[in-house]
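Thank you all for coming. I would like to take a few minutes to walk through one model, beginning with how its chains meet and then turning to some individual residues.

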Number of protein chains: 2
Amino acid sequence: MPFRTRLTERLGIAHPILLAPMAFVAGGRLAAAVSAAGGLGLIGGGYGEAAWLEREFDAAEGARVGCGFITWSLARQPQLLARVLARKPAAVMLSFGDPRPFAADIRKAGAALICQVQTRGQALEAIEAGADIVIAQGAEAGGHGAARATLPFVPAVIDLARERAPGVAVVAAGGIADGRGLAASLALGADGVLMGTRFFASEESRGDPRAKAMIVAASGEETVRTSTVDVVRALDWPEMFTARVMRNDFVDAWHGAEPRLRAALESEMRRYQTAIEKADFSIAAVFAGEAIGLIERVLPAREIVVRTIAEAEAALARAAPR
Amino acid sequence: MPFRTRLTERLGIAHPILLAPMAFVAGGRLAAAVSAAGGLGLIGGGYGEAAWLEREFDAAEGARVGCGFITWSLARQPQLLARVLARKPAAVMLSFGDPRPFAADIRKAGAALICQVQTRGQALEAIEAGADIVIAQGAEAGGHGAARATLPFVPAVIDLARERAPGVAVVAAGGIADGRGLAASLALGADGVLMGTRFFASEESRGDPRAKAMIVAASGEETVRTSTVDVVRALDWPEMFTARVMRNDFVDAWHGAEPRLRAALESEMRRYQTAIEKADFSIAAVFAGEAIGLIERVLPAREIVVRTIAEAEAALARAAPR
């Protein structure tokens, strides 16, 4: 346990590494594997399919895991929270929306409240909600996010937290896929990292094997932040949030041409749905971040955690002043 | 001299800190102050005004400094390079274009060749050109840049350099304004940092005092990457490069409405030019990066360097594994 931080203390974990609750990808098996390796696994509650959640909590087989929600979607079916809290999660993570209506129930259930934020204003809101852990997410992250970049955003959130709520743990997310990213985050003053894309390309993730192979093969230039994949799925995300996905034929055709996509929506929705069913990733999106450029192999989740810690130790030893 | 890296060795400097050659802002006085503090100052050659360059080299009063060019602009008036090389600069930095036509002359003159890159492909080109130093610039940087974020881009360039040209120094740029940013960059494996916005808000910079005050007052959300400021100045930047500037009335009015701006160009150009002359920053752009959120005071350049080094030492000591 080379790194003890507010995060490891608060969650009672060995290593300051969280699994991002990626919708459809971070299932119970992956979450359990990350927790078993000394981090904390978060099941992806996503848009809130009750059956999926129940199945994945079952798949975690009683492991100590948490769960993450898309807050604006949870607000439309708040009864899901009680179902998840009944599973006694170690933590509940809320992203993309106002956490305050859910904060009291989460803390009353004994779960740590994790709030992911993309702006300074959201960080203030999270602190006001009583968050135990604030995740400062940069735009290089895979999936949904906003505009700030991890490297300058994380210290800004740290400064805010130290001033307003010194005990709150601040975690870096976005663009982190190895021990160098963990070392850099700790050097910024963060209490740990949240990794998504790196764990997408793990053996235990529910991601399609062809999507994992694409992540392994690609360089970091091959992603883009876009609203096209929400438009074509008829998901009404708040305007400030876009999704980072791997470039493919669909994104190349429609990114920047969203009004035309809306005009062609009916047929494009059918085409997109078929592509999802066939796992045709020339059309269906692979949600992944810029860190794809740092990922060279699909690995077991345990090995990802072990390597990340060892690399971070080596990186910080190398960088130490003389 | 707590940090010895390929960068300090190659340039013969005490601290791994470079001044970004900000057009119109990084003049000779600022460059000399950064060099005197132990880093290396680079005069902003910008679009290549010979008289400005001569005056600023004079203002450096014989200090050991370098100079940076916008490569595609230099290619239109290549004779400027000889004038600068006659000043015996310690280094010449090329950004935004193919460095290969200029590399031989720069190295023959005994100057270090610094290439700033925004993609993996450009990094390969820089290595092929024989760059001594490759700067991996993230999109959070102020002024011109592209799409990759610093945190995941820097290690990707490092991996490439270690494989193809192990002696090349790799420097992080974009989003770095204090010692935490330097510490994080060193933890990623970088050999140092290039800082622009932080030195814009220095006493010696040629930036307007009102612009410096805006940088000090703003939070990191108040910048945007846009092409509007190039459109209105009739600068034909290659499409992949946009400029990060502080949001103001002009940018809020035209960002995302570039075709309409082009249609109204004649009157908007006049209005913009007048605003520059009056230092009216509700219209004229302040070129600055996301790191504005970390800058709280205008400081002498020497103090910026001294603080950055001391903070980085403390940050790395704090982050060290137990």
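I will start with the interface, go on to the core, and finish with a few single positions. Please keep in mind throughout that this is a predicted model.

Let me begin with the contact between the chains, where 41 residues of chain B are in contact with 41 residues of chain A. The area buried between chain B and chain A comes to about 3,300 Å², and carbon and sulfur atoms give 61% of that area. If we ask which residues of chain B supply it, B:L151, B:R180 and B:E221 together account for 19% of the area that chain B buries against chain A, which is more than any other three residues.

Turning to the polar side of this interface, there are six salt bridges between chain B and chain A, and one of them can be described in detail: B:R148 pairs with A:E221, with the closest N and O atoms 2.9 Å apart. Counting residue pairs in polar contact, with both residues at pLDDT 80 or more, gives 14 between chain B and chain A. The elements giving two or more residues to the side of chain B that touches chain A are α8 (150–164), α9 (179–188) and α16 (301–319) of chain B, and of that side the largest share, eight residues, comes from α8(B). Sorted by class, the side of chain B that touches chain A holds 23 nonpolar, eight polar and 10 charged residues.

One residue of helix α16 of chain B deserves a closer look, namely B:E313. B:E313 counts as partly exposed because its relative accessibility is 32%, a value that lies between the 20% and 50% limits. Leaving out residues up to four places away in sequence, B:E313 touches A:P321, B:P2 and B:F3. Its C-alpha atom is separated by 7.7 Å from that of B:G179, although the two residues are 134 apart along the chain.

Next, the interior. In soluble globular proteins, nonpolar side chains tend to be buried together. Here the largest nonpolar core has 242 residues, of which A:L18, A:F69, A:F199, B:F69 and B:F199 touch the most other members. To take A:L18 as the example, its contacts beyond four places in sequence include A:L7, A:L40, A:I114, A:V171, A:M195 and A:F199.

What polar contact do the side chains of B:Q116 and B:S95 make? They are joined at 3.4 Å, and B:Q116 itself lies in strand β5 (residues 112–117) of chain B. B:Q116 counts as buried, since its relative accessibility is 8%. Setting aside residues up to four places away in sequence, its contacts include B:M93, B:F96, B:I135, B:Q137 and B:L194.

Finally, I would point to two backbone positions in chain A. A:K88, a residue other than glycine, has a positive phi near 55 degrees, and its place is in the loop between α5 (79–85) and β4 (91–95) of chain A. A:F96 is not a glycine either, yet its phi is positive at about 70 degrees, and it sits in the loop between β4 and α6 (100–108) of chain A. Are these positions buried or exposed? A:K88 counts as exposed because its relative accessibility is 64%, whereas A:F96 is buried, with a relative accessible area of 9%.

Definitions and conventions
Residues are numbered from 1 along each chain as its sequence is written. Chains are lettered from A and ligands numbered from 1 in the order in which they are written. Side-chain values use heavy atoms; hydrogens and water are left out. Contact means heavy atoms within 4.5 Å. Buried area is the accessible area (1.4 Å probe) that two parts lose on being put together, summed over both. A salt bridge is a side-chain nitrogen of Lys or Arg within 4 Å of a carboxyl oxygen of Asp or Glu. A polar contact is a pair of N or O atoms within 3.5 Å; within protein, one must be able to donate a hydrogen and the other to accept it, and residues adjacent in sequence count only if both atoms are side-chain atoms. Helices (H or I, at least four residues) and strands (E, at least two) are DSSP runs, numbered from the N terminus. Ala, Val, Leu, Ile, Met, Phe, Trp, Tyr, Cys and Pro count as nonpolar, Asp, Glu, Lys and Arg as charged, and the others, Gly among them, as polar. A nonpolar core is a set of buried Ala, Val, Leu, Ile, Met, Phe, Trp, Tyr and Cys residues joined through side-chain atoms within 4.5 Å. Buried means under 20% relative accessible area, exposed over 50%, partly exposed in between (1.4 Å probe, protein chains only).
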